[in-house]
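Dear colleague,

I am handing over the structure below, and after it you will find an account of what turned up when I went through it. Please read the notes with the structure open beside them.

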Amino acid sequence: MTTQTLTITAPDDWHIHLRDNQALDTTVPHAASSFHRVICMPNLTPPVKTTEQAVAYRKRILTALAKANISDDRKANFDPRMVLYLTDHTMPDEIAVAKTSGIVSAVKLYPAGATTNSADGVTDILGRSSVFEAMQKHGIPLLVHGEVTHADVDIFDREKRFLDEILSVIIKNFPKLKVVMEHITTADAADFCLAQADNIAATITPQHLLFNRNHLLVGGVKPHFYCLPILKRERHQKRLLEVATSGNPKFFLGTDSAPHATHTKEAACGCAGCYSAPHALPLYATAFESVNALDKLENFASIFGAKFYELPINTNTITLVKKEQVIANNYPYLDGKTLTPLLAGQTLAWSLHE
């Protein structure tokens with residue numbers, strides 16, 4: 001019997017966390033094994049706030065890539081794209097410097113306290129007007145973690161409140177600003193994106209296509225399903241799957257793959273983040289196949305994001321094969337510790353062709 005294969009243009013990951021220093025020895029080869037370009041999140045300790053810091057961070061990533069045990073072809077094609085962390089002190093002049101660097105592709109808005117290492121995030125979002133004007137002028141996209149962080153707002157409602165109270169105001173005041181609604185999790189966010197002009201787009205993670213809050217909570221709390229924004233109701237999961245597989249260029253791939261050492265996930269106060277980089281493409285293939293939409297995967301993974309960022313479409317390819325794989329139970333990570341991936345020890349129907 002002939003094995004089913006799917007060859008697509010090499011994909012890009014428009015939202016990934018690689019962390020820094022020793023962590024890069026694990027995360028960089030995992031990302032480079034699947035993706036050509038990756039948008040590298042800047043919420044390090046300390047954050048990547050300037051172009052100079054972004055250039056230095058990219059050098060550390062490429063140093064880890066050089067010693068990675070992956071093919072020379074994968075190394076040659078891997079292109080980390082950098083992001084600046086927007087703070088209350090970011091100046092418009094920094095945006096001009098970022099534009100001329102050739103390696104900074106976006107600026108990231110984290111509301112203070114919204115997720116991992118976001119303490120330096122913006123406290124007065126609408127006070128960043130001069131920076132947004134500079135970004136609009138230079139064509140630098142704003143990437144938003146779309147949640148309010150008020151203590152009195154239910155965690156399942158924080159994305160909707162952000163759309164209504166913050167993002168709608170930014171879009172109204174800066175109508176030409178490119179915005180990526182990162183890792184959207186609700187039907188509200190999907191429909192909000194669809195209602196906007198073409199300069200507003202969204203990334204969707206594999207976990208929000210495949211899972212909902214029942215997977216996180218029923219039968220006991222599953223720490224490796226815990227991410228921010230948190231998994232929502234099944235109806236939201238289904239709506240995300242609909243728009244991801246619709247062929248609409250507003251929606252494209254962003255894994256939000258986020259490594260945390262196993263002992264920090266499986267803890268009394270576990271860290272937020274799902275680690276999917278090594279098997280992200282098989283996860284997406286599983287999601288798309290579930291609604292008979294494998295023919296839509298290439299555009300979502302490889303075409304729409306590049307066009308939105310005004311970057312060339314990749315010329316190399318990658319092949320998925322309908323061959324079962326058992327996801328690793330863990331990977332070595334940080335001083336002899338381990339990193340547990342999403343769906344560790346479970347079987348996926350798809351694999352990457354080596």
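Sorted by class, the residues that line the second largest pocket of this predicted model comprise eight nonpolar, three polar and five charged ones. The space in this second largest pocket comes to about 270 Å³, and of the 16 residues that line it, Lys99, Ser105, Gly139, Ile140 and Tyr309 are the closest to its centre. Two elements, α4 (92–101) and β5, give two or more residues each to that lining.

The largest pocket holds about 430 Å³ of space. Its lining is made up of 18 residues, and those that lie nearest the centre are Ser33, Pro278, Leu352, His353 and Glu354. By class, this lining of the largest pocket has nine nonpolar, six polar and three charged residues, and both β11 (325–326) and β15 (351–352) supply at least two residues to it.

Turning to the strands, you will find an open sheet formed by eight of them, with parallel pairing and in the order β2-β3-β4-β5-β6-β7-β8-β9. At the edges stand β2 (13–16) and β9 (251–253), and because each of these has a single partner strand, one side of each is left without a neighbour in the sheet. On average, and with direction ignored, neighbouring strands of this sheet are turned by 30° against each other.

At the β2 edge, the partner is strand β3 (residues 37–40), with which β2 pairs in the parallel sense over two bridges; within this part of the structure, aspartate 13 stands opposite valine 38 in β3. Strand β5, which was mentioned above for its share in the lining of the second largest pocket, is also one of the strands that a helix crosses: helix α6 (residues 158–173) lies across β5 (104–109), β6 (142–144), β7 (179–181) and β8 (200–204), and runs at about 165° to β7.

One single residue may be worth finding on your screen as well, namely threonine 262, which lies in helix α11 (residues 262–265). Is threonine 262 buried or exposed? Threonine 262 has a relative accessible area of 11%, and therefore counts as buried, since the cut-off for that term is under 20%. Leaving aside residues up to four places away in sequence, threonine 262 touches Thr338, Leu339 and Thr340.

With best regards

Methods. Residues are numbered from 1 along each chain as its sequence is written. This is a predicted model: local features need pLDDT of at least 70, side-chain atom pairs count only at pLDDT 80 or more; totals for chains, interfaces and linings use all residues. Side-chain values use heavy atoms; hydrogens and water are left out. Two strands pair if DSSP finds at least two bridges between them. Helices (H or I, at least four residues) and strands (E, at least two) are DSSP runs, numbered from the N terminus. Axes are lines fitted to C-alpha atoms, for helices over the stretch in contact, and angles run from 0 to 180 degrees between N-to-C directions. Contact means heavy atoms within 4.5 Å. On a 1 Å grid over the protein atoms alone, a cavity is a set of points where a 1.4 Å probe fits but cannot get out, and a pocket is an open set with protein on both sides within 12 Å along at least five of seven lines; lining residues have an atom within 4 Å of a point. Grid points are joined across faces, edges and corners, and a volume is the space filled by probe spheres set on the points. Ala, Val, Leu, Ile, Met, Phe, Trp, Tyr, Cys and Pro count as nonpolar, Asp, Glu, Lys and Arg as charged, and the others, Gly among them, as polar. Buried means under 20% relative accessible area, exposed over 50%, partly exposed in between (1.4 Å probe, protein chains only).
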